[in-house]
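Reader: I'm new to this one. Could you show it to me and then take my questions in turn?

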Amino acid sequence: MSDKDNNIVSSRRAFLGGAVAAGAGALTANAANAQTPDPLITEIQPWAQEFGDGVDAVRYGLPIEHEGDVIRRNVEWLTADTVSSINFTPIHALDGTITPQGCAFERHHSGAIDLKKEDYRLMINGLVDTPLVFSYADLERFPRENHVYFCECAANTGMEWAGAQLNGAQFTHGMIHNMEYTGVPLRTLLEEAGLDTAGDLAGKWVFVEGADASSNGRSIPMEKALDDVLVAFKANGEALRKEHGYPVRLVVPGWEGNMWVKWIRRIEVMDAPVESREETSKYTDTLEDGTSRKWTWAMDAKSVVTSPSPQAPIKHGTGPLVITGLAWSGRGAITRVDVSKDGGKNWETARLAKPGEKMALTRFYLDTDWDGSEMMLQSRAMDDTGYVQPTKTQLREVRGLNSIYHNNCIQTWLVRSNGEAENVEVS
C-alpha cells in the first residue's frame, strides 16, 4: 500500500473515530454516536413486527419503490415525437458496470415493435452459396457465446459540442449501456450460407436491416462481420426486452449503437456498401468546412464522473469521499483513468474496480477527502492502444463546431461548497 493510500485509510479511521466521539447532533456525515440511543436500533420497527411479501407477490421482480430515481428519462424537446427518439440510462444512480435491461437506454427510429418468437425470421442472401432463412428456434441450435459489451449511441454527449448544455450525467452521457449478450457469431451464420460465391472477401460488405418500419439499414465491412459481430437473443441472462430488439438483435462491439440493428430480419452479402440514409445524411461527422467524414464507426476512449455530479450531489458533508465514474473504449480495453479536482491542472490516477475489458465499461474510483472547497471534477481515460481522451478544444481544432456524433471530450462538473454540482465547460 502506498503512502497516499495509508494516509487515506488513516484519515478515514480518524474521521469515523472522531464521529463517534462528537455526538450524533454534530455529525455532517450522519455517523451515529453509539452512546446516544437511536430508536431505529433500540426500538422494534414495524417491518420487524409483521410478515413481508410472499414469494409469489411479484412474479417478475421490480426495483423497490425507494429507488425511484433509477429510471430512464427522455428530453421532451429533443425530438418531435417519442416514436423516433431516445431515453437515457440513469448512470448517475448505478454502480459497478452491468446495466439492468430495465433501465438501459433505448433509441428508436419508428418505435419499439411487438414481434413474437414464432413470427421471427432472419434471411441471409446476396453473394452466398445458399440463401437461408432462420427461425428463432433455428438460431438456438447453433453454438452460442457470451460477451459483455457496451452499446453507445454515436450522439452521446453530442449536445455538448457548443458548450455545457444538459445538467446531469444521465443526459450528457446516458446514451450508453453495458450488458452481457448471448448469441451466435455472425460469421457462423455466414459460413452456414457459404461464402465461396462472394470470392475474395477483401472489400466485401454485409448490409443489415431490421423488421421495424424504419428498417435502419446499415452497411458493415466483411472484416468486422467475420470478427466479433454477434446475432444476440439474450441480455444479462434473460430474453431481450422489447425496446432492445426482442427477439433478436445485432451486436457490433465497440462501434456506434446505430449499427446494432434491432429486430434484425435480413443480412445481405454485397460487393459494396449501400450508402443508406443512416450512413450518409446521418451518422457522419460534419467538419468546419461543411464536408462530412463517414465510416467513423468506432467509439473512441471516453469517461465521465458519475458521482459527484449534478444528479448525485454530495450530501454527507466534508470528510471521506468516493469519486466514481465509468470509462470505455471501442478500440480496446481501458488501462488507466486519471481524475482532476481542479479542472485539469493536476491529475490523480484512479483505482480501476477490475482490469479493463475490451469494448466494455470499466468502473473507476478515487478515494479521497473533501474539505468543502469547490472542485472542478474531470476524468481522463486511456486505452491499451495508447489513446488518451481529448479535451473539447482538441476535438474542435480538428472538427470545428458542426459535429454532433462521436464527442468523447473530457467532461467537467463544478462541485460547489454545499455539495451541489453543475455542468460547466473547461475546454
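Author: Sure, starting with a definition: two strands pair if DSSP finds at least two bridges between them. Helices (H or I, at least four residues) and strands (E, at least two) are DSSP runs, numbered from the N terminus. This is a predicted model, where local features need pLDDT of at least 70, side-chain atom pairs count only at pLDDT 80 or more, and totals for chains, interfaces and linings use all residues. Residues are numbered from 1 along each chain as its sequence is written, and side-chain values use heavy atoms, with hydrogens and water left out.

Reader: How many bridges join strand β16 to β20?

Author: Strand β16 covers residues 319–328 and runs antiparallel to β20. Within that pairing, G319 stands opposite W370 of β20. The number of bridges joining β16 to β20 is nine.

Reader: Which residue in β20 is the bridge partner of R351?

Author: Strand β19 (residues 351–352) also pairs with β20, in the antiparallel sense and over two bridges. In β20, the partner of R351 is Y365.

Reader: How many residues of strand β20 are buried?

Author: Buried means under 20% relative accessible area, exposed over 50%, and partly exposed in between (1.4 Å probe, protein chains only). Strand β20 spans residues 362–370 and is mostly covered. Out of its nine residues, the buried ones number seven.

Reader: What is the strand order in the open sheet of five strands?

Author: The pairing in this sheet is antiparallel. Its edge strands, each pairing on one side only, are β18 (348–349) and β23 (421–424). Read across, the order is β18-β17-β21-β22-β23.

Reader: In β22, which residue is the bridge partner of Q378?

Author: Strand β21 (residues 375–383) and strand β22 (residues 412–415) pair in the antiparallel sense over four bridges. In β22, Q378 has as its partner T412.

Reader: Which strand gives the most to the largest nonpolar core?

Author: A nonpolar core is a set of buried Ala, Val, Leu, Ile, Met, Phe, Trp, Tyr and Cys residues joined through side-chain atoms within 4.5 Å. The largest one has 60 residues, and those with the most contacts inside it include L122, Y181 and L190. With five residues from 230–235, the strand giving the most is β9.

Reader: What is L190 in contact with, leaving aside its neighbours within four places in sequence?

Author: Contact means heavy atoms within 4.5 Å. In general, nonpolar side chains tend to be buried together in soluble globular proteins. For L190, the list is I124, L195, V206, M222, A225, L226, I267 and V269.

Reader: How many residues are in the second, separate core?

Author: Among the members of this other core are F150, A169, I314 and A381. Its residue count is 27.

Reader: How many disulfides does the structure hold?

Author: A disulfide is a pair of cysteine sulfur atoms within 2.5 Å. For C103, the nearest cysteine sulfur is that of C151, 14 Å away; for C151, the nearest is that of C153, at 8.1 Å. C103 counts as buried at 5% relative accessibility, and C151 is buried too, at 3%. The number of disulfides is zero.

Reader: What is the radius of gyration of the protein?

Author: The radius is taken over C-alpha atoms, and the globule rule is 2.2 Å times the number of residues to the power 0.38. For 427 residues that rule gives 22 Å, and the protein comes close to it, so it is as compact as a globular protein of that length. Its radius of gyration is 24 Å.
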